[in-house]
Amino acid sequence: MGLSMPRSRVLRLRGLPYLATEQDVRQFFKDCVLVEVFMVKRDGRATGEAYVVCGDQQQAGDAIKQLNKKYMGTRYIELFEVAESDLAAVKCVLEDTSVQGFVVRLRGLPYTATVDDIKRFLEGAKLADDTDAIVFVLSADGRPNGEAYVELQDGEALTAALAKHKALIGTRYIEVFHSSRIDKLQAMQQRFVRPAAVYSRWAAHMWVSPTSAGATQTQPALVSSDTQPHTADDLASNLQGRYTSHY
């Protein structure tokens, strides 16, 4: 972050204990006046992240210098400066069911698993009418890492898919977790990510990866052609538009 005056009074916290409460966060910032604390949750479960709105930019800067990588219990907490529009976008996306969708994450897949293997595994759970209903997650070297995201047609199909938790593909049992379209889109974008490209803003880091010159228009275009991330407001609007117009 450096020692320059921050441009925002909003900070993102990463690495929180999953049992941490708003009061724990306020105690962590006991020497700073907090206007708001927003605990990030998905499906009602803690993610280890939160946002705080400090009284002013000076307090935000002081908090970063004094508290970044300090411990809360046994976990050290990372602090990042983010724009107020980023916090607004996070709230919008996490509270919008059209963006959440009906998605599961599969873990423990054979590295040779195919789309047909997953369709057989999820037999009885109807997949979404989308050419990218199944997305395999790739490691940094471009190989399958044993995970995949699957988008289902509706809540009934989602329930049927979750019921497959720890069922077998061959000799391997497969874990099935409730996920979201956001996570699925992130996995799709990893097909085109440049390994050295890392953005500091949370929305860009979580949901947007720069595309390579070979990216086609058939893939979800969440970044501009010059590989610079859109603003958080544009990102939230793009995500909402993609799923309210096609579903």
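Biologist: What do the buried residues of helix 6 pack against?
Modeller: They pack against strand 6 and strand 10. Keep in mind that this is a predicted model.

Biologist: Okay, and which residues of helix 6 are buried?
Modeller: A157, L158 and A161. Looking down the axis of helix 6, you'd find these buried residues within an arc of 105 degrees, so they line one face of the helix.

Biologist: What about the other side of helix 6, which residues are exposed there?
Modeller: E156 and T159 are exposed on that side.

Biologist: Which residue caps the N-terminal end of helix 6?
Modeller: That's D154. One of its side-chain oxygens lies 3.2 Å from the backbone nitrogen of E156.

Biologist: Let's move to the sheet with strands 6 and 10. What's the strand order?
Modeller: It goes 7-8-6-10-9, an open sheet of five strands with antiparallel pairing. The edges are strand 7 (134-138) and strand 9 (167-169), each of which pairs on one side only. On average, neighbouring strands here are turned by 35 degrees against each other, if you ignore direction.

Biologist: How many bridges hold strand 6 and strand 10 in their pairing?
Modeller: Five bridges, in the antiparallel sense, between strand 6 (residues 103-107) and strand 10 (residues 172-179). As an example, L106 has V176 in strand 10 as its bridge partner.

Biologist: And which helices pack on that sheet?
Modeller: Helix 6 (residues 155-162) does, touching strand 6 and strand 10, and its direction makes about 145 degrees with that of strand 10. Helix 7 (residues 181-189) packs on the sheet as well, touching strand 6, strand 7, strand 8 (144-151) and strand 10. The direction of helix 7 makes about 135 degrees with that of strand 8.

Biologist: Now the sheet with strand 1. What's the order there?
Modeller: It's 2-3-1-5-4, an open sheet of five strands with antiparallel pairing. Strand 2 (34-42) and strand 4 are the edge strands, each pairing on one side only. Ignoring direction, neighbouring strands in this sheet are turned by 35 degrees against each other on average.

Biologist: How many bridges are there between strand 1 and strand 5?
Modeller: Five, and the two strands pair in the antiparallel sense. If you want one pair to look at, L11 has E81 in strand 5 as its bridge partner.

Biologist: What lies across those strands?
Modeller: Helix 2 lies across strand 1, strand 3, strand 4 and strand 5, running at about 150 degrees to strand 5. There's also helix 3 (residues 84-95), which lies across strand 1, strand 2, strand 3 and strand 5 and runs at about 40 degrees to strand 2.

Biologist: Tell me about helix 2. Which residues are buried in it?
Modeller: In helix 2 (residues 57-67), the buried ones are A60, G61, A63, I64 and L67. Seen down the helix axis, they fall within an arc of 165 degrees, so they line one face of helix 2. They pack against strand 1 (10-14), helix 1 (22-28), strand 3 (45-54), strand 4 (70-72) and strand 5 (75-82).

Biologist: What happens at the start of helix 2, and what follows the helix?
Modeller: At the start, a side-chain oxygen of D56 comes to within 3.1 Å of the backbone nitrogen of Q58. After helix 2 comes K69, with a positive phi near 70 degrees.

Biologist: Switching to S8. Where does it sit, and is it buried or exposed?
Modeller: S8 is in the segment before strand 1, and it's buried, because its relative accessible area is 8%, under the 20% cut-off.

Biologist: What does the side chain of S8 reach?
Modeller: It reaches the backbone oxygen of V82 at 2.5 Å. A polar atom of the S8 side chain also lies 3.0 Å from the backbone nitrogen of V10. Leaving aside neighbours within four places in sequence, S8 is in contact with Q57, A60, E81, V82, A83 and E84.

Biologist: Last topic, cysteines. How many disulfides does a search of the whole structure find?
Modeller: Zero.

Biologist: Why is there no bond between C54 and C32?
Modeller: The sulfur of C32 is the closest cysteine sulfur to that of C54, but at 3.7 Å it's too far for a bond. A disulfide needs the sulfur atoms within 2.5 Å.

Biologist: And is C54 buried or exposed?
Modeller: C54 is buried, with a relative accessible area of 0%. C92, on the other hand, counts as partly exposed at 27% relative accessibility.

Definitions and conventions: Residues are numbered from 1 along each chain as its sequence is written. This is a predicted model: local features need pLDDT of at least 70, side-chain atom pairs count only at pLDDT 80 or more; totals for chains, interfaces and linings use all residues. Side-chain values use heavy atoms; hydrogens and water are left out. Buried means under 20% relative accessible area, exposed over 50%, partly exposed in between (1.4 Å probe, protein chains only). Helices (H or I, at least four residues) and strands (E, at least two) are DSSP runs, numbered from the N terminus. The arc is that of the directions from the helix axis to the C-beta atoms. Contact means heavy atoms within 4.5 Å. A polar contact is a pair of N or O atoms within 3.5 Å; within protein, one must be able to donate a hydrogen and the other to accept it, and residues adjacent in sequence count only if both atoms are side-chain atoms. Two strands pair if DSSP finds at least two bridges between them. Axes are lines fitted to C-alpha atoms, for helices over the stretch in contact, and angles run from 0 to 180 degrees between N-to-C directions.
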